[in-house]
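The exercises below are to be worked with the sequence and the three-dimensional model side by side. Each task is followed by a solution in steps.

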Amino acid sequence: MDSPAFLLLALVSAGTLLRVWGTETVTALYGETITVPCNGGALPPTDVMFIKWKYEKDDGTPGDLLIKQAHKDKATVQATDDYAQRVSINDKFSLLITQASLKDQKTFTCMVVSDVNLMEYPVSVIVHKKPSSVDIMDKSEVLQKDKPTTVGTCVAADANPAASITWKKNGKPLVVDGKAVVITSSMKLDPATGLSTTSSTLQYTATKGDIGAVFACVSTHELTNQEIHLEPFPIYYPSENVSLQIVSKKPIVEGDNVTLKCQADGNPPPSAFFFHIKDQKMLVENANNYTLTTISREATGEYKCSLADNEKMEASKSIVVNYLDLKLNPTGKVVKTLGDTLSVKAEKSTSGDAMISWTKNGEKVKEPEFSKLTYADAGVYICQVSIPGLTRHQSFELVVEGKPVITSLTKQRAGDAQYKVLTCEAKGVPEPSFQWSVNITNEESSYINGKAIHKITVIPKVNLTVTCSVSNKLGSDVMTINVSSVFKDDKEGKGAQEDSEDQAKLIVGVVVGLLIVAAIMGLIYWIYMKNSRQGSWATGEKEVGTSEESKKLEENNHSV
């Protein structure tokens, strides 16, 4: 027997008082170091002799761990089992156990021996471990409408105590009802570590309202709570409605390509359809459309589509093909003679009300009627017929021909120019050619809408009679004009200028003479009035004249 044990036996035999305190509980973390306090961490009495730690084995017998004597710095490890390498004591006499496991869930006792007392402080150790992982296994890829489907199995592995698992949908707990929601839970204990693994399987019957729903499993443990979310599941359900869509520009006209598109509201969408085209049934797989190319008016009618695996699920639509035909008489280039008649007829065939319009050379006109053709009637006529989505047009070019007729022949001299300009105007189609009876120094011509204008420059030295001749393949015309010499015109112009200058001089002379006479008369009147006033002032008489003198004076003023 070692000395501490012998001493302990001697103390007990000598009547030392033994006290046992109530059991304290300490919670430790799995894999961490367990700190078991002695007497709650209070300092031992001053007369302490030694402190000893022991524990209760699985069979109920005590087992020694270590002893620390007051006069020694180091403790003596007494354990001979697994604890021999894992136990130690700190400066507060707390027991330290490394690498905590569930096997350490025991009662450890701190024995404090002093001169007069022997105190025991039992401590119960509980080891907790949060789940090493929380995962959802065996996840489903889809959910079936009105059919129970396993969403997945949530597993919280290696925990102590065992974790509890619940399920949520869109953040709200799912309640088991045995029909739409079925949850099966289980717990498995690892015999080597004693750790628990909890599993929970959710079986769910989906509806269309669950599209986009988010499912989650929640692991609840004393150390931590974890929530794992699943991505929204596609909800599979059979088709309940079928629709047929006509894909084409509106309205549909002859020559268009028209696509029939069949759609159903099932999920996943159906991939095979029957298209009923008139009296034929066309199977289309891995697509939902069928195209009618270059559609004609005969294609007007009802069209259907149905599911390949359920032909009772069908839909129909009617197609109306708009068409427009136009026949114009005449067309192309039409050549007529001046004064002729021309009948124009436009015939149309259309699927609806049509609008008809006419243009001539790009300008809007009424429907043409030609009872007596004129040159003004010539031009390009376009007939346009239109219905919504469709337009047709045809045209003809009208040419009105006639022999040329001279409409005017004029002469003109610009200022004192040494030449005259003769202008000959004529109407005729085709374009007439011009001939003059004089030599030409310069010429210019134009031809617009059947009107021809020809200008020439001449220098007549003597008086002339000039002839303008026009002609085309249909006839000719002639007109003459008298043209005076430009030199004779110059002489007449100079004489007239000299006469004008003499007349101007005469007028100026007359005006100057009148101004001189008026000035002299005014001077005489002024002198007379001055002398008359001086005589009156000298005699002191009033300046009073007779009525006769006043009249004479007024007459003299007027004569001035």
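**Exercise 1. A four-stranded sheet**

How many bridges join strand 23 to strand 26, and in which sense do these strands run? Establish also the order of the sheet and its edges.

Solution. The model is a predicted one.

Step 1. Strand 23 comprises residues 272-277 and strand 26 comprises residues 301-307; four bridges join them, and they run antiparallel.

Step 2. One facing pair can be located by residue: His 276 of the one strand stands opposite Lys 304 in strand 26.

Step 3. The open sheet is formed by four strands in the order 24-23-26-27, with antiparallel pairing. Its edge strands are strand 24 (280-285) and strand 27 (310-319), each of which pairs on one side only. From one strand to the next, the twist averages 25°.

**Exercise 2. The two faces and two partners of strand 22**

Which residues of strand 22 belong to the covered face, and which to the uncovered one? Identify the strands with which strand 22 pairs.

Solution.

Step 1. The general principle is that side chains in a regular strand alternate between the two faces of the sheet.

Step 2. In strand 22 (residues 258-264), Val 258, Leu 260, Cys 262 and Ala 264 make up the covered face, whereas Thr 259, Lys 261 and Gln 263 make up the uncovered face.

Step 3. Strand 21 (residues 242-247) is joined to strand 22 by six bridges, and the two run antiparallel. Within this pairing, Val 242 has Ala 264 of strand 22 as its bridge partner.

Step 4. Strand 22 also pairs with strand 25 (residues 289-292), in the antiparallel sense and over four bridges. Here Lys 261 has Asn 289 of strand 25 as its bridge partner.

Step 5. Combining the steps, Ala 264 belongs to the covered face and Lys 261 to the uncovered one; Ala 264 is the bridge partner of Val 242, and Lys 261 that of Asn 289.

**Exercise 3. Buried or exposed in the loops**

Is Asp 256 buried or exposed? Apply the same test to Lys 179 and Asn 286.

Solution.

Step 1. The cut-offs required are under 20% relative accessible area for buried and over 50% for exposed.

Step 2. Asp 256 is found in the loop between strand 21 and strand 22. Its relative accessible area is 9%, so Asp 256 is buried. A polar atom of the Asp 256 side chain lies 3.1 Å from the backbone nitrogen of Val 253.

Step 3. Lys 179 lies in the loop between strand 15 (172-173) and strand 16 (181-189). With a relative accessible area of 70%, Lys 179 is therefore exposed. Lys 179 and Thr 205 are separated by 26 residues in sequence, and their C-alpha atoms are 7.5 Å apart in space.

Step 4. Asn 286 lies in the loop between strand 24 and strand 25. Because its relative accessible area is 71%, Asn 286 is exposed.

**Exercise 4. Backbone geometry in loops**

Which residue precedes Pro 161 across a cis peptide bond? Describe the other cis bond given here, and the positive phi values.

Solution.

Step 1. The cis peptide bond runs from Asn 160 to Pro 161, with omega near -5°. Pro 161 lies in the loop between strand 13 (149-159) and strand 14 (164-169).

Step 2. The peptide bond from Asn 329 to Pro 330 is cis as well, with omega near 10°. Pro 330 is found in the loop between strand 28 (324-329) and strand 29 (332-337).

Step 3. Phe 93, although not a glycine, has a positive phi of about 65°; this residue is placed in the loop between strand 7 and strand 8. Asn 286, likewise a residue other than glycine, has a positive phi near 60°.

**Exercise 5. A three-stranded sheet and a surface patch**

In what order do the three strands of the sheet containing strand 3 lie? Then describe the nonpolar surface patch.

Solution.

Step 1. The order is 3-8-7 in an open sheet with antiparallel pairing. Strand 3 (34-36) and strand 7 (87-89) are the edge strands, each pairing on one side only. Neighbouring strands of this sheet are turned by 25° against each other on average, direction ignored.

Step 2. Three bridges join strand 3 to strand 8 (residues 95-97), and Ile 34 has Ile 97 of strand 8 as its bridge partner.

Step 3. The nonpolar surface patch is formed by Val 512, Ile 516, Ile 520 and Ile 524, which together have about 370 Å² of accessible area. Of these residues, Ile 524 lies in helix 2 (residues 486-539).

Definitions and conventions
Residues are numbered from 1 along each chain as its sequence is written. This is a predicted model: local features need pLDDT of at least 70, side-chain atom pairs count only at pLDDT 80 or more; totals for chains, interfaces and linings use all residues. Side-chain values use heavy atoms; hydrogens and water are left out. Buried means under 20% relative accessible area, exposed over 50%, partly exposed in between (1.4 Å probe, protein chains only). Two strands pair if DSSP finds at least two bridges between them. Patches are made of residues with over 30% relative accessible area and no salt bridge: like charges are joined within 9 Å, nonpolar side chains (Val, Leu, Ile, Met, Phe, Trp, Tyr) within 5 Å. Accessible areas come from the Shrake-Rupley method with a 1.4 Å probe; for residues, only the protein chains shown count as cover. A salt bridge is a side-chain nitrogen of Lys or Arg within 4 Å of a carboxyl oxygen of Asp or Glu. Axes are lines fitted to C-alpha atoms, for helices over the stretch in contact, and angles run from 0 to 180 degrees between N-to-C directions. A polar contact is a pair of N or O atoms within 3.5 Å; within protein, one must be able to donate a hydrogen and the other to accept it, and residues adjacent in sequence count only if both atoms are side-chain atoms.
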